[in-house]
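Here are my notes on this one, as numbered points. Have the structure open while you read, and start with the strands.

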Amino acid sequence: MPVSAETLHDWHAREGALQRLVPPWEAVELAEHTGTIADSRVVMRMGVMGPIRQTWVAQHSDHVPGRQFRDTQVSGPFAAWVHTHRFEPNEAGSELVDHIDYTLPMGPLGSLFGGAFALARIERMFDFRHQRTAEDLSRHAGKAPMRVAVTGASGLIGTQLCAFLSTGGHTVQKLVRRSAGQGEIRWDPAKGEIDVAALEGVDAVVHLAGENVGQRWTPAVKEAVMASRVSGTRTIATALAKLQKKPRIFVSASAVGHYGDTGDTMADESSPAGTGFLAEVCQAWEASADPARDAGILVVHPRIGVVLAAAGGALAKMKTPFAFGVGGPIGSGKQWFPWISMDDAVGAIHHLLYAGLTGPVNVVGPESVRQAEFAAVLGKVLSRPAFLPLPGFAVRTVFGEMGQGVLIEGQRVAPKRLLESGFRYVRPDLEAALRFELGK
């Protein structure tokens, strides 16, 4: 690992480490985590088969500051499991050693029939963990920690972003609609209410919250989609403008839907807005940050593409029909599909906290692909056919205007400003991104 053993240890000791280390293809829910790695209890609920869930309880112990800790299964899927994490100095920085002693249930019979499967699954999991840990540490290297307030912290991107920031040494304050707990900030975007005093002293704000667009666009849904973005952004921007000590930067999310259906035309940040509901939403969304802009705060709008995440979003919906062998392109398959890996989406937002950019920045992979190509690569990764198309008329019948605007239309988008600012992708290749996210 490209850091000292002490830094590597501290990364594992911070809140969010387990969230970063759980493979996205595993159906794992963190139900409880109390204490520290010196002496804590972790309770996880794990998917076994379909709706069947199993609870895994582990106890952390044997902590040696800067060098080691151990977790031991109290109850769970193994007959026994002891995992020792060691952080050893070396000339390159440090070495991460995961030493696991485990015994399968059912004695010799369990080893005979499940031994190879268990070993392959463990190796697959730790390949993922080690790669993500090294990449996260590299991205944090040389970056001064900040106090960052985040909306949408429980969403698909927000969950991973908060864990990434916390493990990197940032202080993360989540904006919540319920009663605020320790380190949280209460707000109600629908009512335009926010605890302004609690925002004093934040270095940066990342605003990701908004009503889900992936549902049938009834008049009520369209109103909620627009209002959640406009009202929420304006509430935060107005509050930031009132602060005695204003944050340096406000990262207020937007989307590539700003460009409408681009056809084969390549859009960058200088391209005009398109037409349609999503384009209208994005324009109003970005304009709602004007109070912060007018107050002298740097405001940047990451126009985010389709984030590839096994745990949710578009990829989670698509992988099911592919897994059953009935996947394929949507509509004609000629529309462009502006994808980005989850870790690169998180990394790009982190990059924007330091890059000094303002205005729109396209957060997409370095190369868009057509929907048919995406379907073919996904089928290859899952070892399943990808030739059964979902006809456009069926999409419009089932999903209405949303199906047309989100699934049938597409955007060919270039991350021009992101690349010019020196951002480094960890997964610029579509197949590699899908394999990493899906554990293939």
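1. Start with the pairing of β12 and β14: strand β12, residues 249–252, runs parallel to β14, with 3 bridges between the two. If you want a residue pair to click on, take F250, whose bridge partner in β14 is V299. Keep in mind throughout that this is a predicted model.

2. β14 has further partners. The short strand β13 (residues 254–255) also pairs with β14 in the parallel sense, here over 2 bridges. A255 is the residue to look at, as A255 stands opposite I304 in β14. Then there is β18, residues 359–363, which is parallel to β14 and joined to β14 by 5 bridges. In that pairing, H301 has P360 of β18 as its bridge partner.

3. How many residues of β14 are buried? The strand covers residues 298–304, and 6 of its 7 residues are buried, so "mostly covered" is a fair description by the under 20% cut-off.

4. Next, a second set of strands. β8 (residues 171–176) and β9 (residues 184–188) are parallel and share 3 bridges; L175 stands opposite I185 in β9. On to β10, residues 193–194: β9 and β10 run antiparallel, joined by 2 bridges, and W187 faces I194 across that pairing, standing opposite I194 in β10. The β9 and β10 hairpin has 4 residues between its strands, and G192 takes a positive phi near 70° there.

5. α3 deserves a look along its length. The helix spans 107–140, and it bends by about 65° at G114. After the helix comes G142, with a positive phi near 80°.

6. Two residues other than glycine also have positive phi, and I'd check both by eye. M106 has phi near 70° and is found in the loop between β6 (93–103) and α3. D62 has a positive phi of about 50°, but D62 lies in a strand, β3 (residues 52–64). Are they buried or exposed? M106 has 62% relative accessibility, so it counts as exposed, the cut-off being over 50%. D62 is at 41%, which is between the 20% and 50% limits, so D62 is partly exposed.

7. Now the second largest pocket, with a volume of about 160 Å³. Which helices supply at least two residues each to its lining? They are α1 (5–13) and α3 (107–140). α1 gives the most, with 3 residues. The lining includes T7, D10 and W11, along with R14, L137, H140 and A141. Further along the chain, P145, T167, G168 and G169 line the pocket as well, and V3 is also part of the lining. By type, the lining residues divide into 5 nonpolar, 5 polar and 2 charged.

8. On cysteines: how many disulfides does the structure hold? The count is 0. C162 has a relative accessible area of 4%, so this cysteine counts as buried, being under 20%. C282 is buried too, with a relative accessible area of 3%.

9. W217 sits in the loop between β11 (204–207) and α6 (219–242). Despite the loop setting, W217 is at 8% relative accessibility, so it counts as buried by the under 20% cut-off. For a contact across the sequence, try W217 and G405: they are 188 residues apart in sequence, and their C-alpha atoms are 10.0 Å apart in space.

10. Last, E437. This glutamate lies in helix α14, residues 430–438. Buried or exposed? With a relative accessible area of 5%, E437 falls under 20% and is therefore buried. E437 and V57 are 380 residues apart in sequence, with 25 Å from C-alpha to C-alpha.

Note on methods. Residues numbered from 1 in each chain as written. Predicted model: local features only at pLDDT ≥ 70, side-chain atom pairs only at ≥ 80, totals over all residues. Heavy atoms only, no water. 1 Å grid on protein atoms, 1.4 Å probe; cavity = no way out; pocket = protein on both sides within 12 Å on 5 of 7 lines; lining within 4 Å. Points joined across faces, edges and corners; volume = space filled by probe spheres on them. Nonpolar A, V, L, I, M, F, W, Y, C, P; charged D, E, K, R; others polar. Disulfide = S-S within 2.5 Å. Buried < 20%, exposed > 50% of the residue type's maximum accessible area, 1.4 Å probe, protein only. Bend = angle between axes of the 7 residues up to and from the residue. Pairing = 2+ DSSP bridges.
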